[in-house]
Amino acid sequence: MKKLEDLIITYKDFPKKGIDFKDVLEILQNPEIFQDLILKMSSNKFLKNAEAIISIDARGFIFGSAVALESSKPMIVARKPGKLPGKILTREYDLEYGKNSLSIQSNALKKFDSFVIVDDLLATGGTVNCVSRLLQDQGKEVLGLITVVELKKLEGRLKLDFPVQSMISF
Ligand code: AMP
């Protein structure tokens, strides 16, 4: 029987030279393993204490939505530029490859005080750090990060001032 680690495929030099891209999408083609993963991600202690989940564009939405359903928590999203209507809050960050910015809808954010962040992968930690700073600048509490994959040698968790639960690390 296949295991979670068998479903995370490494693509060398994608999207540019020197990056070992970890593709998590094959998990979705294996419903039993996907379900087991979501159950584990949803049984987390710091998630129980959070009012809401915030998931990160774009693969974070896949796992965040499933965790939101399983844990019966509301979810808001952090999106890449130009995607969200209405009043937004935006912050720039560095990626393992390149620069980007993320935005959150102000009205969605106002409804909740404490969050758990859900994403597919923690690399340098720049993305998650951007989202947590955006939240903390608005007086919100970040209780933790739940991620499918963690790239340990990039030490992303050292950038974060809250606990990290990764389901698999490389
Ligand atoms: P970072 O800000 O460096 O922690 O990068 C995390 C974000 O970039 C995640 O949302 C991933 O989707 C994506 N990412 C960064 N590095 C990789 C990688 N080696 N393989 C797959 N996705 C990556």
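The exercises below, each with a worked solution, concern a predicted model.

**Exercise 1. Check the length of helix α1 and work out how the helix is placed in the fold.**

Step 1. Helix α1 covers residues 31-42, twelve residues in total. At 1.5 Å a residue the helix should span 16 Å. The C-alpha atoms at its two ends are 16 Å apart, which agrees with that expectation.

Step 2. Next, sort the residues of the helix by exposure. Ile33, Phe34, Leu37, Ile38, Met41 and Ser42 of α1 are buried. These buried residues take up an arc of only 165° around the axis, and therefore they lie on the same side of α1. The spacing can be read against a general rule: an α-helix has 3.6 residues a turn, so residues three or four places apart point the same way. Glu32 and Gln35 are exposed, on the other side of α1.

Step 3. Then ask what lies against the buried side. The elements covering the buried residues of α1 include the helices α2 (45-48) and α3 (59-71), along with β7 (114-122), β8 (141-150) and β9 (164-169).

**Exercise 2. Describe the largest nonpolar core and the part that α1 plays in it.**

Step 1. The largest nonpolar core has 29 residues. Those with the most contacts inside this core are Leu4, Ile27, Leu37, Met41, Phe63, Val116 and Val149.

Step 2. At least two residues of this core come from each of α1, α2, α3, β7, β8 and β9. Helix α1 gives the most, with five residues.

Step 3. Take Met41 as an example. With neighbours within four places in sequence left aside, Met41 is in contact with Leu47, Phe63, Val67, Val118, Ile146, Thr147, Val148, Gln165 and Met167.

Step 4. Another core, of 25 residues, lies apart from the largest one. Leu102, Ala108, Ile117 and Cys130 are among its residues.

**Exercise 3. Count the aromatic pairs and classify those of Phe14 with Phe21 and Phe34 with Phe63.**

Step 1. The description needs two quantities: the distance of the ring centres and the angle of the planes. The count comes to three aromatic pairs.

Step 2. For Phe14 and Phe21, the centres are 5.1 Å apart and the planes make an angle of 85°. An angle over 60 degrees counts as edge-to-face, and this pair is edge-to-face. Phe14 has 45% relative accessibility and so counts as partly exposed. Phe21, with a relative accessible area of 13%, is buried.

Step 3. For Phe34 and Phe63, the distance is 6.0 Å centre to centre with 85° between the planes, again edge-to-face. Phe34 belongs to helix α1 and Phe63 to helix α3, so the pair ties together parts that are 29 residues apart in sequence. Both Phe34 and Phe63 are buried.

Step 4. One ring also has a charge over its face: Lys22 lies over Phe170, at 4.2 Å from the ring centre.

**Exercise 4. Locate Ser132 and list its contacts with residues beyond four places in sequence.**

Step 1. Ser132 is part of helix α5 (residues 126-137). Its relative accessibility is 1%, so Ser132 counts as buried.

Step 2. Beyond neighbours within four places in sequence, Ser132 is in contact with Ile117, Val142 and Phe162. Of these, Ile117 is one of the residues in the core of 25 residues.

Step 3. Ser132 and Asp161 are separated by 29 residues in sequence, and their C-alpha atoms are 9.2 Å apart in space.

**Exercise 5. Find where the backbone has cis peptide bonds or a positive phi outside glycine.**

Step 1. Start from the general expectation: most residues other than glycine have a negative phi, and most peptide bonds are trans.

Step 2. The peptide bond from Phe14 to Pro15 is cis, with omega near -5°. Pro15 sits in the loop between β1 (9-12) and β2 (20-23). Asp13 is found in the loop between β1 and β2 as well, and its phi is positive, near 60°. With a relative accessible area of 39%, Asp13 is partly exposed.

Step 3. Asp57 and Ala58 are also joined by a cis peptide bond, with omega about -5°. Ala58 is placed in the loop between β3 (52-56) and α3.

Step 4. Ser72 is not a glycine, yet its phi is positive, about 55°. Ser72 lies in the loop between α3 and β4 (75-78). At 64% relative accessibility, Ser72 counts as exposed.

Terms used
Residues numbered from 1 in each chain as written. Predicted model: local features only at pLDDT ≥ 70, side-chain atom pairs only at ≥ 80, totals over all residues. Heavy atoms only, no water. Expected span 1.5 Å × (residues − 1). Buried < 20%, exposed > 50% of the residue type's maximum accessible area, 1.4 Å probe, protein only. Arc of directions from axis to C-beta. Contact = heavy atoms within 4.5 Å. Phe/Tyr/Trp six-rings, centres within 6.5 Å; stacked < 30°, edge-to-face > 60°. Lys NZ or Arg CZ within 6 Å of the ring centre and 35° of its normal. Core = buried A, V, L, I, M, F, W, Y, C linked by side-chain atoms within 4.5 Å.
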